[in-house]
Amino acid sequence: MSMNATKKAIVPIFIAAAVLGTAMALPIFGLQHVTAASDGDKKDNGATASASEATRVLRGPIASIQLGANGQPEWIQSGIWVMRIFSSNPQNPNVQLIARFEMVKPDGTSAHQHSVSDFKVANMTQEGNSTRVLKGTATVTMKNSPVTGVPVTVKVFNNAVIGIWIGPDKVDSHFGTGPIFGTFSATSSKAAAAITANSTATANSTTATTTNTTQTGNGTSGNSVTAPGPQNATATTSTSASSIKMTAKEVDETYRWSTNDGTNPTLKMTANADNSVQIANPTDTKHELVIESNGKEVASSGDIAANNGSGQLSFKPTVPGTYEYHCEYHPTTMKGTIEVSAH
């Protein structure tokens, strides 16, 4: 097969990979206003997210083809994207977005990496009934140094595919004029469905409890909204906590978590106790330990710097059960489960 024939064969394969995904409801992009914070603004104290600051994490793979001026494949792009949604106010959450991907020529040469972070949303629109659009600026790593203030547009197509347009201003059109495509993971679909249900329930609750009242203090009329209080609240007592030492390791160019119990082991923790994980990172890239429950992030170590960086994650689950942990930047190879017992 000739090189031209090979390139033509590659295009539908990667485009098919880019558009495959699990459909999800995504009203979070149908809000009146969305703000964004930089990846560096993430909490580093490892505290468990409270009920008033629940965090949902959406993520998926990047699988895309960048075409050249002649319409032929010029670059193959693959990696991951991660979106954090801080839903303390389900109708107006804060959003963080990062993307990390590799670019390589179709003949396997010129491989290099890029990342997108510090995405700040300037405005949001909707195209038709199925495409949500976020426009803003971000920091993009380039060959010589990171470039700040790069125009970035993020689109969600039909609640299944994400497209990221980078530049072309300030990055010398390195990423072309088309999007970098990614898809939503199955877990992210469930998390997004939970966001949808929560947002809808909150909106309905607000509508149902909004009544016209008279403020007796100043004699003026207005609208009063009754906020629901905590339900089924129970007192808890502290028990013995677990202290775990964990190290990030690279074996055969693959990153893993390691403890005295092995590679990506099942961690043992105790409910209603201040469990902690001490993390060492002797590898050449940063990591972040994240704990999730049913697709919702409940604890994070924050970024742990490369080359002998260290960090800590604190986790105080209120109920026994099974949780999941992973590295934010290497979720497929650095992952495992946590078994939380009552005592």
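**Note on a five-stranded sheet and the salt bridges**

1. Five strands form an open sheet whose order is β14-β13-β12-β16-β19, and the pairing within this sheet is mixed. Strands β14 (262–263) and β19 (309–315) stand at the edges with a single partner strand each, so one side of each is left without a neighbour in the sheet. Please keep in mind while reading that this is a predicted model.

2. As background for the pairing, strands of a sheet pair through backbone hydrogen bonds, either parallel or antiparallel. At one edge of this sheet, strand β13, which covers residues 254–259, pairs with β14 in the antiparallel sense, and two bridges join them. Within this part of the sheet, Thr259 stands opposite Gly262, which belongs to β14.

3. The second topic is the set of charged pairs, and the structure holds ten salt bridges. One of them joins Glu292 to Arg59, with the closest N and O atoms 3.2 Å apart. Because Glu292 lies in strand β17 (residues 289–293) and Arg59 in strand β2 (residues 55–67), the pair ties together parts that are 233 residues apart in sequence. Both residues are on the inside by the accessibility criterion, since Glu292 is buried and Arg59 is buried too.

4. A further salt bridge brings together the side chains of Glu297 and Arg84, at 3.1 Å from N to O. Glu297 is part of strand β18 (residues 296–300), whereas Arg84 is part of strand β3 (residues 73–86), so this pair ties together parts that are 213 residues apart in sequence. Glu297 counts as buried because its relative accessible area is 7%, which falls under the 20% cut-off. Arg84 likewise counts as buried, with a relative accessible area of 4%.

5. Which residues are linked with these pairs in a network of salt bridges? The network is made up of Arg59, Arg84, Glu288, Glu292, Glu297 and Glu328, and the two pairs described above, Glu292 with Arg59 and Glu297 with Arg84, therefore have their residues in it.

6. Are the partners in the salt bridge between Lys120 and Asp118 buried or partly exposed? Their side chains meet at 2.4 Å, N to O. Lys120 has a relative accessibility of 39% and therefore counts as partly exposed, while Asp118, at 22% relative accessibility, also counts as partly exposed. Both values lie between the cut-offs, because buried means under 20% and exposed means over 50%.

Conventions: Residues numbered from 1 in each chain as written. Predicted model: local features only at pLDDT ≥ 70, side-chain atom pairs only at ≥ 80, totals over all residues. Heavy atoms only, no water. Pairing = 2+ DSSP bridges. Helix = DSSP H or I, 4+ residues; strand = E, 2+ residues; numbered from the N terminus. Salt bridge = Lys/Arg side-chain N within 4 Å of Asp/Glu carboxyl O. Buried < 20%, exposed > 50% of the residue type's maximum accessible area, 1.4 Å probe, protein only.
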